[in-house]
Amino acid sequence: MPFYPALLDLSGRLVLLVGGGRVAARKLASLLEAGARVRLVTPALCQEARELAGLEGVELIERGFEPGDVEGAWLVISATDDEDLNRSVAVAAEAARVFVNVVDVPPMCSFIVPAVVRRGELTLAVSTGGASPAAARRLRQGLQAQFGPEWADYLAILRAARQKLTAQGRPAAENRPLFYQLVDSQLMERVRAGDAAGVDEVMRAVLGPGFTLKELGQSLGRDAAREREGA
Ligand SMILES: C[C@@]1(CC(=O)O)C2=NC(=C\c3[nH]c(c(CCC(=O)O)c3CC(=O)O)Cc3[nH]c(c(CC(=O)O)c3CCC(=O)O)/C=C3\N/C(=C\2)[C@@H](CCC(=O)O)[C@]3(C)CC(=O)O)/[C@H]1CCC(=O)O
Ligand SMILES: NC(=O)c1ccc[n+]([C@@H]2O[C@H](COP(=O)([O-])OP(=O)(O)OC[C@H]3O[C@@H](n4cnc5c(N)ncnc54)[C@H](O)[C@@H]3O)[C@@H](O)[C@H]2O)c1
């Protein structure tokens, strides 16, 4: 089936998560990372889920699922191994016209979850359409090795430069070639090398004065340690 790919803005939006096992804990972590509010419905929690359930933004309901739990949710995820329960969750979500993922049960899903690499604002999402989650995982691992932490700084610089340039009010047709000159320049190599002076040099050559790291409120290497730990 040709799934429609999209990136959801879940910040401040309610998501219903059913189940309290290790898989639910993993889903809870990624939902909170995306800024969602989570209603967690489960009669029992593993230690990891219990810890995350104590965080801000989580409404823990310690009992079995009831169809009314879907009320107000923008998205539903069911992470239990009980087939009847999963079906009840899927039916309730469908009736409420809310997208639902039943982990590992494609026929009950109205959306499926890709394997993901994040580097600051870069998101690489891999889906095989459900053909092979193992292949999706291997692809993700390959991308993780290929796209390093420098992408976080690189995109932060590009965003800041783009905002400053577009705020100057020139026609988009004039700005456009500059954006391509920038992404086709040595900028990425300089960022990767942690060469701040080199970055400034490239920015000056392409965009003129006013676009140094300092002038853009940017610096290098902020996310490197974190990304190395998470890689
Ligand atoms: C990407 C990832 C995201 C995540 O789950 O967060 C994800 N599965 C991951 C891993 C993984 N899952 C499974 C294995 C064992 C090897 C294998 O079976 O291949 C491995 C690998 C491992 O663990 O080593 C078992 C499995 N998964 C599904 C079925 C049922 C079926 O295929 O019918 C079965 C058999 C269950 C059984 O045996 O009973 C179904 C789905 N799994 C999906 C997503 C959706 C399609 C994704 C796509 O487009 O390809 C879909 C359709 C629905 C959904 O769950 O959204 C995550 C990788 C995270 C990462 O490492 O980056
Ligand atoms: N995609 C993946 O990577 C992956 C990996 C492992 C397992 N899985 C699948 O994900 C599912 C969950 O795995 P798990 O290891 O977290 O399972 P688990 O058995 O540890 O967790 C099931 C959870 O469901 C809860 N539950 C039971 N009855 C309930 C009810 N009536 N209402 C609400 N919650 C209820 C339980 O309290 C428990 O916390 C399984 O179906 C498994 O096949 C997927």
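This text walks through a predicted model, from one helix to its core, then to a buried threonine and two ligands.

Start with helix α5, residues 150-167. A helix rises 1.5 Å a residue, so its 18 residues should span 26 Å. The C-alpha atoms at its ends are 26 Å apart, which agrees. Just after α5 comes Gly 169, with a positive phi of about 80°.

Now look at which residues of α5 are hidden. Glu 150, Trp 151, Ala 152, Asp 153 and Tyr 154 are among the buried ones. Further along, Ala 156, Ile 157, Leu 158, Ala 160, Ala 161 and Leu 165 are buried too. A general rule helps in reading such a list. An α-helix has 3.6 residues a turn, so residues three or four places apart point the same way.

What do the buried residues of α5 pack against? Two strands are partners: β6 (115-119) and β7 (122-126). The helices are α6 (172-183), α7 (187-192), α8 (196-207) and α9 (213-216).

This packing leads to the largest nonpolar core, which has 28 residues. In soluble globular proteins, nonpolar side chains tend to be buried together. Within this core, Ile 157, Leu 182, Leu 187, Met 203 and Leu 207 touch the most other members. Elements giving two or more residues to the core include β6, β7, α4 (133-146) and α5. Helices α6, α7, α8 and α9 also do so. Which element gives the largest share? Helix α5 does, with seven residues.

Take Leu 207 as one example. Not counting residues up to four places away in sequence, Leu 207 touches Ala 161, Leu 165, Leu 178 and Leu 182. Another core, of 21 residues, lies apart from the largest one. Among its members are Ala 24, Leu 28, Leu 32 and Leu 45.

Next, find Thr 42. This residue sits in the loop between β2 (37-41) and α2 (47-53). Is Thr 42 buried or exposed? Its relative accessible area is 4%, and the cut-off for buried is under 20%, so Thr 42 is buried. The side chain of Thr 42 makes polar contacts with backbone atoms. One is with the backbone nitrogen of Gly 20, at 3.3 Å. Another is with the backbone oxygen of Ala 44, at 2.7 Å. Leaving aside neighbours within four places in sequence, Thr 42 is in contact with Gly 19, Gly 20, Leu 60, Ile 61, Glu 62 and Arg 63.

Gly 20 also takes us to ligand 2. Of the 19 residues around this ligand, Gly 20, Arg 26, Phe 65, Asp 81 and Asp 104 come nearest. A backbone N or O atom of Gly 20 lies 2.8 Å from a ligand 2 oxygen. For a polar backbone atom of Arg 22, the distance to a ligand 2 oxygen is 3.2 Å. For a backbone N or O atom of Thr 80, the distance is 3.3 Å. On its own, ligand 2 has 860 Å² of accessible area, and the protein covers 62% of that.

Finish at ligand 1. It is surrounded by 19 residues, the closest being Asn 101, Asp 104, Ser 127, Thr 128 and Arg 140. Here side chains reach ligand oxygen atoms: Arg 26 at 3.1 Å, Asn 101 at 2.8 Å and Arg 140 at 2.6 Å. The protein covers 65% of the 1,100 Å² of accessible area that ligand 1 has on its own. Two elements, α1 (22-33) and α4, give two or more residues to the shell around ligand 1. The largest share, five residues, comes from α4.

Methods. Residues are numbered from 1 along each chain as its sequence is written. Chains are lettered from A and ligands numbered from 1 in the order in which they are written. This is a predicted model: local features need pLDDT of at least 70, side-chain atom pairs count only at pLDDT 80 or more; totals for chains, interfaces and linings use all residues. Side-chain values use heavy atoms; hydrogens and water are left out. Helices (H or I, at least four residues) and strands (E, at least two) are DSSP runs, numbered from the N terminus. The expected span of a helix is 1.5 Å times one less than its number of residues. Buried means under 20% relative accessible area, exposed over 50%, partly exposed in between (1.4 Å probe, protein chains only). Contact means heavy atoms within 4.5 Å. A residue is near a molecule or strand if one of its heavy atoms lies within 4 Å of it. A polar contact is a pair of N or O atoms within 3.5 Å; within protein, one must be able to donate a hydrogen and the other to accept it, and residues adjacent in sequence count only if both atoms are side-chain atoms. Accessible areas come from the Shrake-Rupley method with a 1.4 Å probe; for residues, only the protein chains shown count as cover. A nonpolar core is a set of buried Ala, Val, Leu, Ile, Met, Phe, Trp, Tyr and Cys residues joined through side-chain atoms within 4.5 Å.
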